[in-house]
Amino acid sequence: MTLADIEAKVAASERLSFDDGVRLFETHDLLALGRLADDVRRRRHGDRVYFNKNRHINPTNVCAFHCNFCSFARNHESDPGAYTWTPEEVVEHIRPTVDEGITEFHVVGGLHPTLGFEYYEKVLRALKREYPWVHLKAFTAVEIDFFAELTGLSHTAVLQRLIEAGLDSMPGGGAEIFHWDVRRKMCPEKANAEVWLQIHAQAHRLGLRTNATMLYGHIEEWEHRVDHMLRLRAQQDESGGFQTFIPLAFHPDENSLGKKVRRRWTTGVDDLKTLAISRLLLDNFDHIKAYWIMLTPELAQVALSFGVNDLDGTVIEEKIYHDAGATTSQAMTTRTLEKFIRSAGFRSVERDTLYNTIAPADA
Ligand code: V47
């Protein structure tokens, strides 16, 4: 199968179609695909690779929902391993690992059945009070939808309340796979695709920047991945506030979906293809981010030549992937991140959450 027509479109900066996307997934010519994605990536970012100094915070793992791919959630406070930190405990828990260099907290967690919306507001306020210089990237669209149900408020009103409490931007989780044929088998209780996209659109209208993810490598087909990316592209055309796309490889340990899937772990080729194709299809997204926690730092480094221009991050305490079988470490130092970037022939740029440069690329 030749990709000549797609190559011509990419060279002319023409938008790729659904069929182009599926054909790219079908190709075994990984290097041709990588070269195409790398061309697009270099046109946008040259040899710069961004990273940031962040810390993940998961205030509770108690969750009212039953998503079958999730190994992090506990349905009841009494379940083994269940925890809920008070806002004060959140601040105390992270204190030993927060220094002045940290620029972002990534705050997500369970949809707690009884704590109420005020708990989540208090967590943001406590973090902002203690660390006013740190950007709060918090709560997925699924959490925003849950808060709206808890309170009877509109999504916009929930977002406004959270902005008052210190919210600065939103992460891209909870997107999973948009197509209902797949979504209904993974997380039927969760905000559906339309609601997830509407909430991001609302956030964009309120001036918040947001991210987007896709959870791949389980029961979905290539067509579902392409559909997912094209829905994001259409939303971005309309509301324009997405910063980065992060494909998330499914981890099968300790969850019921993992017992059902044939493939279990994604392969390196699948991961690289998915990143490269996202660079090619999402022509209106500035950044494609590799989450080294799920890819391994080694494959994330290779991904820099397959369309990726951003590495997440120092992270510090990752729970969601490690509960699901990740064997990577839970944190990475800036020095190691920079080493991976430089030794792949790129220049590292430390950024803040909004992609402002903190430390410029070294010469
Ligand atoms: O929403 C849950 C996924 C997401 C599993 O916005 C799983 O900058 C694989 O969204 N196997 C949370 N994936 C992580 C996330 C994220 C990560 C890094 C950066 C950003 C950002 C966002 O993790 C969940 C879900 O899609 N997830 N369980 C699992 N077993």
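A residue is taken as buried when its relative accessible area is under 20%. In the predicted model examined here, both Tyr 50 and Tyr 355 are buried by this criterion. These two residues form one of the aromatic pairs, of which the structure holds 17; their arrangement is edge-to-face, with 5.6 Å from centre to centre and 80° between the planes. Because Tyr 50 belongs to strand β1 (residues 48-51) whereas Tyr 355 lies in the loop between β10 (347-351) and β11 (357-359), the contact ties together parts that are 305 residues apart in sequence. The ring of Tyr 355 is also approached by a charge, since the charged end of Arg 351 sits over it at 4.1 Å from its centre. A further arrangement of this kind is found at Phe 340, over whose ring the charged end of Lys 339 sits, 5.6 Å from the centre.

A second aromatic pair is formed by Tyr 120 and Phe 147, whose ring centres are 4.5 Å apart and whose planes meet at 45°, so that the pair is classed as tilted. Tyr 120 is located in helix α5 (residues 117-130) and Phe 147 in helix α6 (residues 141-151), and the pair thereby links parts of the chain 27 residues apart. With a relative accessibility of 3%, Tyr 120 counts as buried, and Phe 147, at 0%, likewise counts as buried. Both residues belong to one aromatic cluster, which also includes Phe 65, Phe 117, Tyr 119, Phe 139 and Phe 146.

Helix α5 also takes part in the connection between two parallel strands, as the chain crosses from β3 through α5 to β4 in a right-handed β-α-β crossover. Strand β3 (residues 104-107) directs Glu 104 and His 106 one way and Phe 105 and Val 107 the other way, yet all of these residues are buried. Four bridges join β3 to the parallel strand β4 (residues 135-138), and among the residues involved, His 106 has Lys 137 of β4 as its bridge partner. Four bridges likewise join β3 to strand β2 (residues 54-57), again in parallel orientation, with Asn 54 standing opposite Glu 104. Strands β2 and β3, together with helix α4 (residues 87-94), make a right-handed β-α-β unit.

Helix α12 (residues 268-281) comprises 14 residues, for which a span of 20 Å is expected at 1.5 Å a residue; its end C-alpha atoms are 20 Å apart, so the two values agree. This helix is mostly covered, twelve of its 14 residues being buried, and the buried residues include the charged positions Asp 270, Asp 271, Lys 273 and Arg 279 as well as Leu 272, Leu 275 and Ile 277.

Notes:
Residues numbered from 1 in each chain as written. Predicted model: local features only at pLDDT ≥ 70, side-chain atom pairs only at ≥ 80, totals over all residues. Heavy atoms only, no water. Phe/Tyr/Trp six-rings, centres within 6.5 Å; stacked < 30°, edge-to-face > 60°. Buried < 20%, exposed > 50% of the residue type's maximum accessible area, 1.4 Å probe, protein only. Lys NZ or Arg CZ within 6 Å of the ring centre and 35° of its normal. Expected span 1.5 Å × (residues − 1). Pairing = 2+ DSSP bridges. Right-handed = clockwise from strand over helix to strand, strands pointing away.
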